[in-house]
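This briefing goes through one protein model by topic. Have the sequence and the 3D view at hand while you read.

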Amino acid sequence: MSPGVVDFLFRRLVAGEPAEDVQWGSEGTALDMQPPGAELARRLAETDLDALTPTELFHYVRAAQRLAAWAEVLRETAVERYCSAPAAPSGGAAAST
């Protein structure tokens with residue numbers, strides 16, 4: 001954990017508050033609730049992993065796994081379509097004989 005995260009957690013515990021940052025829940029869609037797609041990919045790419053608490057890092061990993069599974073389905077669908085497409089004629093002379 002980065003020194004900033006350790007400092008944040010220490011201040012929360014001294015104040016008698018939970019060690020987890022819960023304010024992000026009121027600031028928009030939580031990472032673990034973000035549907036897979038371009039917005040999730042952007043959020044994951046822009047996240048500073050060193051600033052995450054262990055719980056947030058867990059949710060980050062789960063979100064990355066969801067995104068990877070979603071992308072794999074897209075890839076498999078495209079490969080299936082590519083492999084099942086009829087072959088285009090390769091030459092006029094061979095096709096007319």
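A search of the whole structure finds three salt bridges, a salt bridge being a side-chain nitrogen of Lys or Arg within 4 Å of a carboxyl oxygen of Asp or Glu. The model is predicted, and local features need pLDDT of at least 70, side-chain atom pairs count only at pLDDT 80 or more, and totals for chains, interfaces and linings use all residues. Residues are numbered from 1 along each chain as its sequence is written, and side-chain values use heavy atoms, with hydrogens and water left out.

**Salt bridges in helix α2**

- Arg42 and Glu39 meet through their side chains in a salt bridge, at 2.5 Å from N to O.
- Both Arg42 and Glu39 belong to helix α2 (residues 38-46), where they sit three residues apart, about one turn of the helix. Helices (H or I, at least four residues) and strands (E, at least two) are DSSP runs, numbered from the N terminus.
- Arg42 also forms a salt bridge with Glu46, and the closest N and O atoms are 2.5 Å apart.
- Glu46 and Arg42 lie four residues apart in α2, again about one turn of the helix.
- Why do partners at these spacings point the same way? An α-helix has 3.6 residues a turn, so residues three or four places apart point the same way.
- Arg42 counts as partly exposed because its relative accessibility is 37%. Buried means under 20% relative accessible area, exposed means over 50%, and partly exposed lies in between (1.4 Å probe, protein chains only).
- Glu39 is partly exposed, with a relative accessible area of 37%, whereas Glu46 is exposed, at 57%.

**Salt bridge in helix α3**

- Glu72 and Arg75 form a salt bridge in which the closest N and O atoms are 2.6 Å apart.
- Helix α3 (residues 54-84) holds both Glu72 and Arg75, three residues apart, about one turn of the helix.
- Glu72 is partly exposed at 32% relative accessibility, and Arg75 is partly exposed at 45%.
- Back in α2, salt bridges that share partners join Glu39, Arg42 and Glu46 into one network.

**Helix α1**

- Helix α1 (residues 3-14) has 12 residues and reaches 16 Å from its first C-alpha to its last, close to the 16 Å expected at 1.5 Å a residue. The expected span of a helix is 1.5 Å times one less than its number of residues.
- Which residues of α1 are buried? They are Val5, Leu9 and Arg12.
- These buried residues lie on the same side of α1 because they cover an arc of only 65° around the axis. The arc is that of the directions from the helix axis to the C-beta atoms.
- Pro3, Phe10 and Val14 are exposed on the other side of α1.
- Gly16 follows α1 and has a positive phi, near 80°.

**Helix α3 and the nonpolar core**

- The 31 residues of α3 should span 45 Å at 1.5 Å a residue, and this agrees with its end C-alpha atoms, which are 45 Å apart.
- The buried residues of α3 are Glu56, Tyr60, Ala63 and Leu67, and they pack against α2.
- The largest nonpolar core has seven residues, namely Leu31, Leu40, Leu44, Leu52, Tyr60, Ala63 and Leu67. A nonpolar core is a set of buried Ala, Val, Leu, Ile, Met, Phe, Trp, Tyr and Cys residues joined through side-chain atoms within 4.5 Å.
- Two elements, α2 and α3, give two or more residues to this core, and α3 gives the most, with three residues.
- Leaving aside its neighbours within four places in sequence, Tyr60 is in contact (heavy atoms within 4.5 Å) with Leu31, Leu44, Thr47, Leu49 and Leu52.

**Ala38**

- Ala38 lies in helix α2 and counts as exposed, at 67% relative accessibility.
- From Ala38 to Leu67 there are 29 residues in sequence but 9.1 Å in space, C-alpha to C-alpha.

**The chain overall**

- The chain has four helices and zero strands.
- Of its 97 residues, 16% count as buried.
- Among contacts between residues at least 6 apart in sequence, 52% join residues at least 24 apart.
- The chain exposes about 7,300 Å², and carbon and sulfur atoms supply 62% of it. Accessible areas come from the Shrake-Rupley method with a 1.4 Å probe, and for residues only the protein chains shown count as cover.
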